[in-house]
Amino acid sequence: MSRQLKNIITIAVFLICIALVNIAGQNIELEIRGMNAFTFVLIVAVVIQVIFFIPSFLLKTEKYYDLVGSLTYVTTISLAYFSVDNKTTIDSIIYIYVMIWASRLGIYLFRRVQKDGKDIRFEKAKTHFFWFLQYWIGQALWVALTACAALVAILSPEDDTLPVLAMVGMALWLTGFIIESISDYQKRVFRKENNPSQSFIHTGLWARSRHPNYFGEITLWTGIAVIALNTLTGVEYITLISPVFVYVLLTRMSGINLLESIADERYGDLEEYQRYKRNTPVLIPKPVSYTHLRAHETEADLVCRLLL
């Protein structure tokens, strides 16, 4: 089977998966332009990818890929939120949380690819129409699966209350967002001061986990799902696949596996790296040990040193 045919089949599978996600929102009564609101939002997510794919392919550039991904989250969640007349507290919390996350991550990834000049994921793909398109339609699926619980929660009617379970979800989101933000900041500072092809980050939160940013992202989307839980009914519970998908994506597909392979190739001969791999969990951060306290350092000082 040729690569082009494989890419076409993959694109078709991605679109079918988006159609299956759409089933979860068919009990939503709200409409946008005469169409089921959830269906409309998912179509918009796909259309945005196609619109930006065309000039990106013609220019053979991937520089706007991640930024468009964030733009898609912002657009879809805004469409859902502003189409609802009687917005609840949970609606507003979910909207604000997704907007904050998408804006921060999009700007961070855009700055990174601008600085690096390229993204190794697309080095070959961006010169082949269907191979490159596969990534863009895959991004639409990523948005659909990741944000489905948030979108359905906003579009579904519910009492304007803030139950304890939603507060638990808020705490989870805040924890995950802080971990992801600090991890990305620490890595950005490290890359400014070091050559990543010769040295690896193993300080701060990266001393507790080899991928703390991914742990943060999984945690915050789990928080969104927990917040949404009180608003879901019937088939809408399918959308709880959101954090499961994020976990599988980051640990089994395009995230950890790829980065671990690159790190092994770059630093595999370094004894320090081998020791780091043996002593540091892949994902879930190991707890802070107070045996690492320096002279005259308090527990609070230790935590600040790990974070900053």
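**Exercises: buried charges and salt bridges**

Glu180 is found in helix H6, residues 164-193; helices are DSSP runs of H or I with at least four residues, numbered from the N terminus. The model is predicted: local features need pLDDT of at least 70, side-chain atom pairs count only at pLDDT 80 or more, and totals for chains, interfaces and linings use all residues. Residues are numbered from 1 along each chain as its sequence is written, and side-chain values use heavy atoms, with hydrogens and water left out.

**Exercise 1.** Determine whether Glu180 is buried or exposed, and list its contacts beyond four places in sequence.

Step 1. The relative accessible area of Glu180 is 2%, so this residue is buried (buried: under 20%; exposed: over 50%; partly exposed: in between; 1.4 Å probe, protein chains only).
Step 2. With neighbours within four places in sequence left aside, Glu180 is in contact (heavy atoms within 4.5 Å) with Trp101, Arg104, Leu105, Asn213, Gly216, Glu217 and Leu220.

**Exercise 2.** Find the salt-bridge partner of Asp184 and place both residues.

Step 1. A salt bridge requires a side-chain nitrogen of Lys or Arg within 4 Å of a carboxyl oxygen of Asp or Glu.
Step 2. Arg104 is the partner, with the closest N and O atoms 2.8 Å apart.
Step 3. Asp184 lies in helix H6 and Arg104 in helix H4 (residues 89-116), 80 residues apart.
Step 4. Asp184 is buried at 3%, and Arg104 is buried at 18%.

**Exercise 3.** Trace the network that includes Arg210.

Step 1. Glu260 and Arg210 form a salt bridge at 3.0 Å, N to O.
Step 2. Asp264 pairs with Lys277, the closest N and O atoms being 3.0 Å apart.
Step 3. Arg210, Glu260, Asp264 and Lys277 are linked in a network of salt bridges.

Terms used
Helices (H or I, at least four residues) and strands (E, at least two) are DSSP runs, numbered from the N terminus.
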